[in-house]
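Colleague: I would like to learn how to read a few local and packing features in a model like this one. Could we go through them in turn?

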Amino acid sequence: MTAFDFGYITTGALIKRTANTMYTLDQLERYQGHFYNWYDTITMKPLHPRYVSTVDSGNLAGHLLTLKQGLFAISADKIVSAKPFEGLRDTVNIIEIELQSGQLLVEIQKKLRAVLELPHIAPEYAITVIKELMKYCETLVANNSISENSEAHWWVRSLSLQCNSIYDELVSFFPWLLLPEVPHRFIEFYNAINTSTINEIATIETVFSPELENIFALDPTPAEREWLDALKKGADHAREILMSIDQLSVKCTEFADMDYEFLYNRSKHLLTIGYNVDEHFRDTGYYDLLASEARLCSFVAIAQGKLPQETWFALGRLLTNVKGDPILLSWSGSMFEYLMPLLVMPAYENTLLYQTHKTA
């Protein structure tokens, strides 16, 4: 993984990656809604024995439902925020270590600091800064004679890729900012628009329809027509993103819809470890501890109305203590068991689970 993966992923890149993942999942054979535990990565056919892992299914369902809500949040989030510049700063910090600092890197950090100190980052300013950073990247390579095989070159290239990706995102949503100047009859309209979110850009033509119609009715100049076209282009792009979000959210719901009945023991109120589809055999062991990743599967299945609430209370709560602090026992004592569900599950203070997480 790279800083480009973790530092900042643009909305367009995130949607594209998610869509590619969903497309791949759509090609995979499932059993009663569950994906199998292993597939041939070339043919995408399930490997034998075809096996359904209860806990892996629950983890996937929980993260898909979280992803769905995250996708919906994108449309209302500000397109221009501090996040991309924080990601760029992370990459620059690594480059400083590789190149042992330098005046150019000092200038880059100064530029990023100035952006991150702003309470609001205007799209115009964001584009200007990103263009400057792209030039800095070119100068970094030229001034330092960085070998193409070096670690430093790799990170400078990563910084350049990040800048280009952010720039492409900005001009996709705000194409009118590439035009030389605001036509006189557009100035009042331009000052009135607030296009900070995808929803706002997608509806800009509707919200400001009277103003745009007035401008268009007065025989617009070539420059004004260019502005009208740019506004439409930005709105079309925003609507495409919103449509993709709707389609992906439907897929998230579909892939998270699994039948747990064949994995569930109603007398014990517990989920079995898994099911061998080839042998039509349900494992005899059960997930019976609360302090394990099994709780996410139980939590999701109960929330979906697929399992009764008794399942949650049937999970074991065996206690021990570490230096006087109480902690629930997990199967193997691994941080994965204790902490992984916290990625998508709520945690409440003054509860046994919260104390367990803290102690772990």
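Colleague: Is H280 buried or exposed?

Modeller: This is a predicted model, and in it H280 has a relative accessibility of 62%. Exposed means over 50%, so H280 counts as exposed. The residue sits in the loop between strand 6 and strand 7. Its phi is positive, about 50 degrees, although H280 is not a glycine.

Colleague: Where is N350 found, and what is its phi?

Modeller: N350 is in the loop between helix 15 (335-339) and helix 16 (352-359). Its phi is near 65 degrees, a positive value in a residue other than glycine. N350 is exposed, with a relative accessible area of 79%.

Colleague: Which residues does the cis peptide bond join?

Modeller: The bond joins H48 and P49, with omega about 0 degrees. P49 belongs to the loop between strand 2 (34-35) and strand 3.

Colleague: What describes a pair of aromatic rings?

Modeller: Two quantities are used: the distance of the centres and the angle of the planes. In this model the count comes to 10 aromatic pairs. One of them is formed by Y31 and F262, at 5.2 Å centre to centre and with 85 degrees between the planes, which is edge-to-face. Y31 lies in strand 1 (residues 30-31) and F262 in the loop between helix 12 and strand 4 (264-265), so the pair ties together parts that are 231 residues apart in sequence. Ring pairs also link Y31, F262 and Y275 into a cluster.

Colleague: Is F262 buried or exposed?

Modeller: F262 has 14% relative accessibility and counts as buried.

Colleague: On to the sheets. What is the order of the strands in the sheet that contains strand 3?

Modeller: The order is 3-6-7, in an open sheet of 3 strands with antiparallel pairing. Strand 3 (51-53) and strand 7 (281-282) stand at the edges with a single partner strand each, so one side of each has no neighbour in the sheet. Strand 3 pairs with strand 6 (residues 274-276) over 3 bridges in the antiparallel sense, and S53 stands opposite G274 in strand 6. Helix 3 (residues 54-76) packs on this sheet, where it touches strand 3 and strand 6; its direction makes about 60 degrees with that of strand 3.

Colleague: And which strands stand at the edges of the 4-5-8 sheet?

Modeller: Strand 4 and strand 8 (286-287) do, each with a single partner strand, so one side of each is left without a neighbour. This is also an open sheet of 3 strands with antiparallel pairing. Strand 5 (residues 270-272) and strand 8 pair over 2 bridges, and the bridge partner of T272 in strand 8 is Y286.

Colleague: Last, helix packing. At what angle do helix 2 and helix 12 pack?

Modeller: Helix 2 (residues 11-27) and helix 12 (residues 222-255) pack at about 35 degrees, with axes 10 Å apart. The crossing is left-handed. Among the residues that meet are I15, A19 and M22 in helix 2 and I241, I245 and L248 in helix 12. By class, the contact has 9 nonpolar, 3 polar and 3 charged residues.

Colleague: How does helix 2 cross helix 3?

Modeller: Their axes come within 12 Å and cross at roughly 145 degrees, and helix 2 passes helix 3 in a left-handed crossing. The contact is made by T11, L14, I15, T18 and M22 of helix 2 with L64, L67, L71 and I74 of helix 3. These residues divide into 7 nonpolar, 2 polar and no charged.

Notes
Residues numbered from 1 in each chain as written. Predicted model: local features only at pLDDT ≥ 70, side-chain atom pairs only at ≥ 80, totals over all residues. Heavy atoms only, no water. Axes fitted to C-alpha atoms, helices over the stretch in contact; angles between N-to-C directions. Helix = DSSP H or I, 4+ residues; strand = E, 2+ residues; numbered from the N terminus. Left-handed = near helix turned anticlockwise from the far one by under 90°. Contact = heavy atoms within 4.5 Å. Nonpolar A, V, L, I, M, F, W, Y, C, P; charged D, E, K, R; others polar. Phe/Tyr/Trp six-rings, centres within 6.5 Å; stacked < 30°, edge-to-face > 60°. Buried < 20%, exposed > 50% of the residue type's maximum accessible area, 1.4 Å probe, protein only. Pairing = 2+ DSSP bridges.
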